[in-house]
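Hi,

Here is the structure I said I would pass on. Have a look at it first, and my notes follow underneath.

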Amino acid sequence: MARLTSLDRSVAGKTVIVTGAASGMGRATAHLFADEGANVVVADVGDDRVARVVAEITAAHGADRVIGVPTDVTADDQRRALVGAAVARFGTIDILVNNAGISRASSVFADDESFGEAWNATLAVNLSAYAHLVRLVVPHMAGRSGRIVNVASTEAIVATPGLAAYSAAKHGVVGLTKSLAAELGRHGINVNAICPGPINTAMTAAIPDDSKTIYAKRKVPLRRYGEPEEVAQMTLSACLPAASFLNGASIVVDGGMTILH
Ligand code: NAI
């Protein structure tokens with residue numbers, strides 16, 4: 001194999017779709033790819049929320065390398081519109097970051113209606129949408145060194161009481177990632193999962209700061225929550241041309257939480 005050059009550590013000119021890109025890790029990921037010279041497709045629910053991130057990236061890098069496509073990833077027609085808009089604007093898709101997610105309590109002791117609602121909503125956003133979106137982007141990636149990153153969680157490795165749906169979905173994302181990696185490798189597409197630990201985003205914003213501090217000191221060797229940018233950096237790394245032999249992996253970004261006895 002030829003010696004890897006500095007060019008192999010660049011996503012400049014690549015086109016990336018980031019779902020859930022209006023907030024948290026998705027927003028950080030969209031910004032980081034834009035900073036690194038990629039064409040960025042910002043997908044999330046809420047026209048205003050999407051437009052805000054597009055405006056931020058436009059302010060930093062101009063309007064040529066970013067579009068926003070308001071998308072509910074659970075809706076098939078909207079997923080198709082997202083992929084269509086990306087291809088229409090940038091010609092192809094090189095990278096998909098399946099990141100959109102929700103976290104709902106889903107205790108087995110909840111009433112039937114609320115458990116069913118939480119279960120269905122969580123699986124739809126956090127797992128089914130990932131698979132359906134991959135199916136739509138693969139025809140645009142095949143044979144072109146495509147990269148897919150699925151954002152899972154440490155809830156794909158360990159589990160928290162009362163989060164049955166979330167943990168099941170995230171374990172599913174890791175299984176999905178392995179199956180896709182096995183199937184798509186021969187088509188030149190690498191598929192990997194990122195498993196973040198506790199991260200300061202909208203998803204964890206309702207947890208009081210002192211509770212976060214106590215939790216982190218007890219559970220995380222680095223004794224703090226992570227920041228969205230710290231996860232985005234690992235997502236970017238998994239998408240670099242230089243990460244050419246990384247496939248089917250689950251990369252844990254948790255400050256050491258899951259290795260602590
Ligand atoms: P966040 O709440 O800041 O961002 C999630 C984004 O997903 C939001 O902008 C939301 O609008 C979007 N989203 C939700 N449903 C959607 C739908 N149907 N269609 C399109 N977009 C939708 O949360 P965060 O933390 O940045 O979450 C990103 C990913 O990281 C999620 O998959 C989450 O499960 C995962 N994660 C989060 C952790 C944390 O501690 N914050 C830890 C481990 C994993």
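A small one to start with: in which strand is the place of valine 252? It belongs to strand S7, which covers residues 250-253. Valine 252 is partly exposed, with a relative accessibility of 37%. If you look for alanine 152, you will find its C-alpha atom 9.3 Å from that of valine 252, although the two residues are 100 apart along the chain. Before you go further, please keep in mind that this is a predicted model.

Now the strands, beginning with S1

Strand S1 takes up residues 15-19, and five of those five residues are buried, so the strand is largely enclosed by the rest of the structure. Thr15, Ile17 and Thr19 point one way, Val16 and Val18 point the other way, and all of them are buried.

S1 has strand S2 (residues 39-44) as a parallel partner, with five bridges joining the two. To find the pairing on screen, look for isoleucine 17, which stands opposite valine 41 of S2. Between S1 and S2 the chain passes through helix H1, residues 24-35, and this β-α-β crossover is right-handed.

S1 is also joined to strand S4 (residues 95-98), again in parallel, this time by three bridges. Here valine 18 stands opposite valine 97 in S4.

On to S5

You can follow the pairing onwards from valine 97, whose bridge partner in S5 is valine 149. Four bridges hold S4 and S5 together, and these strands run parallel. The chain gets from S4 to S5 by way of helix H4 (residues 112-141), in a right-handed β-α-β crossover.

How many of the residues of S5 are buried? Six of six, for a strand that spans residues 146-151. Gly146, Ile148 and Asn150 lie on one side and Arg147, Val149 and Val151 on the other, so to speak two covered faces.S5 also pairs with strand S6 (residues 189-196), through six bridges and in parallel. Valine 151 is the residue to look for in S5, as it stands opposite isoleucine 194 in S6. Helix H5 (residues 164-184) carries the chain from S5 across to S6, and this β-α-β crossover is right-handed too.

The ligand

Which residues are closest to the ligand? They are Ser23, Asp44, Arg49, Tyr166 and Thr201, out of 30 residues that surround it. Some polar side-chain atoms are worth clicking on. One in aspartate 44 lies 2.6 Å from an oxygen atom of the ligand, and one in threonine 201 is likewise 2.6 Å from a ligand oxygen. For lysine 170, the distance from a polar side-chain atom to an oxygen atom of the ligand is 2.9 Å. Taken alone, the ligand would expose 830 Å², and the protein buries 92% of that.

Salt bridges

Side chains of opposite charge can pair when their charged atoms come close. How many salt bridges does a search of the whole structure find? It finds six.

Aspartate 44 turns up again here, in a salt bridge with arginine 49 whose closest N and O atoms are 3.2 Å apart. Is aspartate 44 buried or exposed? Its relative accessible area is 10%, which means that it counts as buried. Arginine 49, at 30% relative accessibility, is partly exposed.

Glutamate 56 and arginine 27 form another salt bridge, with 3.0 Å from N to O. Glutamate 56 sits in helix H2 (residues 47-61) and arginine 27 in helix H1, so the pair ties together parts that are 29 residues apart in sequence. Both partners are partly exposed: glutamate 56 has a relative accessible area of 25%, and arginine 27 has one of 32%.

Glutamate 230 and arginine 224 make a salt bridge as well, with their closest N and O atoms 2.8 Å apart. Glutamate 230 is partly exposed at 38% relative accessibility, and arginine 224 is also partly exposed, at 38%. Finally, Asp76, Arg79 and Arg80 are joined into one network by salt bridges that share partners.

That is what I have for now.

Cheers

Terms used. Residues are numbered from 1 along each chain as its sequence is written. This is a predicted model: local features need pLDDT of at least 70, side-chain atom pairs count only at pLDDT 80 or more; totals for chains, interfaces and linings use all residues. Side-chain values use heavy atoms; hydrogens and water are left out. Buried means under 20% relative accessible area, exposed over 50%, partly exposed in between (1.4 Å probe, protein chains only). Two strands pair if DSSP finds at least two bridges between them. A crossover is right-handed if, with the strands pointing away from the viewer, the path from the first strand over the helix to the second runs clockwise. A residue is near a molecule or strand if one of its heavy atoms lies within 4 Å of it. A polar contact is a pair of N or O atoms within 3.5 Å; within protein, one must be able to donate a hydrogen and the other to accept it, and residues adjacent in sequence count only if both atoms are side-chain atoms. Accessible areas come from the Shrake-Rupley method with a 1.4 Å probe; for residues, only the protein chains shown count as cover. A salt bridge is a side-chain nitrogen of Lys or Arg within 4 Å of a carboxyl oxygen of Asp or Glu.
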